[in-house]
Amino acid sequence: MSELKLIPPTDPRVLTAIAPFKDDMLKEENFKDRKELSDKMFEVMFKYGGIGLSANQVGLPFNMFVMGGHPQLENGMKLTCFNPMIISASDETVMMKEGCLTFPFIFLNIKRPRKVVVKYEDEKGDLQEGHLDGMMSRIFQHEYDHMLGRTFTEHVSKFKYDLAKKKAEKEIEKFKKLQQK
């Protein structure tokens, strides 16, 4: 298994819906089991400072993502979600700023349902159902979009996305200047 790295937003693997996951797919990418994949995904997510990471963001063809693991989110709750599904969503929506590891320094105000009922298989292969609220709900919805080949940029107008890209470019320049000091 080679080191997992984030792929750019222009890579077609980020923008393609993912087929259902089956355990025999792991061998093709040199993973021995779901747990090893999950551990590696969390390692990459934490390395880049994320709170969620989908397999296609690191070029893997798996219908799975990891999320959570931060003390301020549900006391550090971690979820590994294979073949995730959103069963229902609340009518109540919340507008919140979101970022994405695939789009560094870009933050967009996105409106999403506050609560979702979800199903997924965990790292042991057991079917789980969750009733998520707040940030965990938002993260699940964001990562689930990746499973469908969608990104958070599709939830805003081109104008708002372009403004956010310009702001991101300025932030990246500031960051580069700090690194040179």
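# A first look at this predicted model

R34 sits over the face of F82, 4.5 Å from the ring centre. That contact is a good way into this structure, which is a predicted model. R34 is also one of the buried residues of helix α2, and F82 belongs to a cluster of linked rings that also holds F21, F31 and F62. The notes below start with that helix, then turn to the aromatic rings, the cysteines and helix α4.

**Helix α2**

- Helix α2 covers residues 34–47, which makes 14 residues. From first C-alpha to last it reaches 20 Å, close to the 20 Å expected at 1.5 Å a residue.
- At the start of α2, the backbone nitrogen of K35 has a side-chain oxygen of D33 within 3.3 Å.
- Just after α2 comes G49, with a positive phi of about 75°.
- Which residues of α2 are buried? They are R34, L37, S38, K40, M41, F42, V44 and M45.
- These buried residues pack against one helix segment, α1 (25–28), and against the strands β1 (52–54), β2 (64–68), β3 (78–89) and β6 (115–121).
- F42, buried in α2, has a charged partner: K78 lies over the face of its ring, at 4.4 Å from the ring centre.

**Aromatic rings**

- A pair of aromatic rings is described by how far apart the centres are and by the angle of the planes.
- The count of aromatic pairs comes to 10.
- Among them, F21 and F62 form an edge-to-face pair, with 5.6 Å centre to centre and 85° between the planes.
- What does this pair tie together? F21 lies in the segment before α1 and F62 in the loop between β1 and β2, so the pair ties together parts that are 41 residues apart in sequence.
- F21 has 5% relative accessibility, so it counts as buried. F62 counts as buried too, because its relative accessibility is 0%.
- F140 and Y144 form a stacked pair, at 6.5 Å centre to centre and with 20° between the planes.
- F140 and Y144 are 4 residues apart in helix α3 (residues 134–147), so about one helical turn separates them. F140 and Y144 are both buried.

**Cysteines**

- How many disulfides does a search of the whole structure find? The search finds 0.
- Why is C81 not bonded to another cysteine? The closest cysteine sulfur, in C100, is 16 Å from the sulfur of C81, so the two are too far for a bond.
- C100, likewise, is in no disulfide, with the sulfur of C81 as its nearest cysteine sulfur at 16 Å.
- C81 counts as buried because its relative accessibility is 0%. C100, at 10% relative accessibility, also counts as buried.

**Helix α4**

- Helix α4 runs over residues 158–180 and has 23 residues. At 1.5 Å a residue it should span 33 Å, and its end C-alpha atoms are 33 Å apart, so the two values agree.
- Which residues of α4 are buried? They are Y161, A164 and A168.
- The buried residues of α4 pack against strand β5 (103–113).

Key: Residues numbered from 1 in each chain as written. Predicted model: local features only at pLDDT ≥ 70, side-chain atom pairs only at ≥ 80, totals over all residues. Heavy atoms only, no water. Helix = DSSP H or I, 4+ residues; strand = E, 2+ residues; numbered from the N terminus. Expected span 1.5 Å × (residues − 1). Buried < 20%, exposed > 50% of the residue type's maximum accessible area, 1.4 Å probe, protein only. Contact = heavy atoms within 4.5 Å. Polar contact = N/O pair within 3.5 Å; in protein donor to acceptor, adjacent residues only side chain to side chain. Phe/Tyr/Trp six-rings, centres within 6.5 Å; stacked < 30°, edge-to-face > 60°. Lys NZ or Arg CZ within 6 Å of the ring centre and 35° of its normal. Disulfide = S-S within 2.5 Å.
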